[in-house]
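Please open the model in a viewer and set it to a cartoon display. The tour below proposes a series of selections, each with a short account of what is to be found there.

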Amino acid sequence: MRVVTPGNNGLEHRIEYVAEIAGVKYYDDSSAPTPETAIAAIRLFAQPKVIILGGSDNGASYAELAQVVATEGVIHAFLIGALADRIEAELAAVGFTHVTNGYTDMPALVSNCYAVTEPGDVLLLSTGAVSSGLFRDSKDRDDQFKAAVHRLAEQLNAAS
């Protein structure tokens with residue numbers, strides 16, 4: 001199993017490169033908690049993307065984000081938090097049905113995201129929302145994401 005860890009992470013939690021596992025690059029972008037910043041993150045990558053979206057309701061519209069998910073190379077969306085059902089409805093309205101909803105555990109979420117990826121894909125935590133009740137705050141969400149990615153890498157290395 002090939003795992004590449006970053007040498008220079010740039011800004012923490014803002015398109016922060018976390019690791020490469022089996023040809024899939026993992027990025028933490030959850031310090032950008034609006035639909036507009038999630039849209040910008042999605043558009044940064046030409047590669048196929050798996051994205052983690054959701055959190056607490058901040059009153060924003062998710063219609064444009066749903067359209068971008070449907071048209072900008074996202075292959076699967078994993079939804080978390082109080083906004084999960086609302087975002088899922090917006091995605092369904094634009095015909096995007098590659099959605100998994102309802103995770104409350106970051107290691108299981110990251111593991112299931114990995115299961116739908118292929119080498120060359122990008123896995124992006126860019127929630128488009130403020131942190132939900134699943135986490136103490138956005139830093140806790142970010143730290144749990146990075147820890148889960150590194151734990152996945154260790155498990156896959158041990159298995160190979």
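The stops run from the whole chain to a helix, the nonpolar cores, a strand residue and the aromatic rings.

**The whole chain**

Begin with everything selected, bearing in mind that this is a predicted model. The chain contains 5 helices and 7 strands, and tracing it along the sequence gives the pattern β-β-β-α-β-α-β-α-β-α-β-α. Its radius of gyration is 14 Å, close to the 15 Å given by the globule rule for 160 residues, so the chain is as compact as a globular protein of that length. The C-alpha trace spans about 40 × 30 × 25 Å along its principal axes.

If a surface is now displayed, the accessible area comes to about 7,000 Å², and 50% of it belongs to carbon and sulfur atoms. Of the 160 residues, 46% count as buried. Contacts between residues at least 6 apart in sequence may be considered next: 69% of them join residues at least 24 apart.

**Helix α2**

Select residues 63–71, which form helix α2. Which residues of this helix are buried? They are Leu65, Ala66, Val68 and Val69. These residues lie on the same side of α2, because they cover an arc of only 160° around the axis. To see what covers them, add α1 (35–44), β4 (49–54), β5 (74–80) and α3 (84–93), which are included in that cover. Then move to Gly73, just after α2, where phi is positive at about 85°.

**The nonpolar cores**

Show side chains for Ile42, Leu53, Leu65, Val69, Leu79, Leu91 and Leu124. These residues have the most contacts inside the largest nonpolar core, which has 27 residues. The elements giving two or more residues to this core are α1, β4, α2, β5, α3 and β7 (122–125). Apart from this core lies another, of 23 residues, including Tyr26, Ile52, Val110 and Leu123.

Centre the view on Leu91. With residues up to four places away in sequence left out, Leu91 touches Ala66, Val69, Ala77, Leu79, Phe96 and Val99.

**Ile51 in strand β4**

Next select Ile51, which is located in strand β4. Is Ile51 buried or exposed? Its relative accessibility is 1%, so Ile51 counts as buried, the cut-off being under 20%. Leaving out residues up to four places away in sequence, the contacts of Ile51 are with Ile42, Val74, His76, Ala77, Phe78, Leu124 and Ser126. A distance label may also be drawn to Val99: the C-alpha atoms of Ile51 and Val99 are separated by 9.8 Å, although the two residues are 48 residues apart along the chain.

**The aromatic rings**

Finally, display the aromatic side chains, among which there are 3 aromatic pairs. A pair of aromatic rings is described by the distance of the centres and the angle of the planes. For Phe78 and Tyr103, the ring centres are 6.0 Å apart and the planes stand at 50°, so this pair is tilted. Phe78 belongs to strand β5 and Tyr103 to strand β6 (residues 99–103), so the pair ties together parts that are 25 residues apart in sequence. Both Phe78 and Tyr103 are buried. Phe78 is also one of the residues touched by Ile51, which links this stop to the previous one.

The last selection is Tyr17, Tyr27 and Phe45, which form one aromatic cluster.

Key: Residues numbered from 1 in each chain as written. Predicted model: local features only at pLDDT ≥ 70, side-chain atom pairs only at ≥ 80, totals over all residues. Heavy atoms only, no water. Buried < 20%, exposed > 50% of the residue type's maximum accessible area, 1.4 Å probe, protein only. Helix = DSSP H or I, 4+ residues; strand = E, 2+ residues; numbered from the N terminus. Arc of directions from axis to C-beta. Contact = heavy atoms within 4.5 Å. Core = buried A, V, L, I, M, F, W, Y, C linked by side-chain atoms within 4.5 Å. Phe/Tyr/Trp six-rings, centres within 6.5 Å; stacked < 30°, edge-to-face > 60°. Rg over C-alpha atoms; globule rule 2.2 N^0.38 Å. Areas by Shrake-Rupley, 256 points an atom, 1.4 Å probe, with all protein chains shown as cover.
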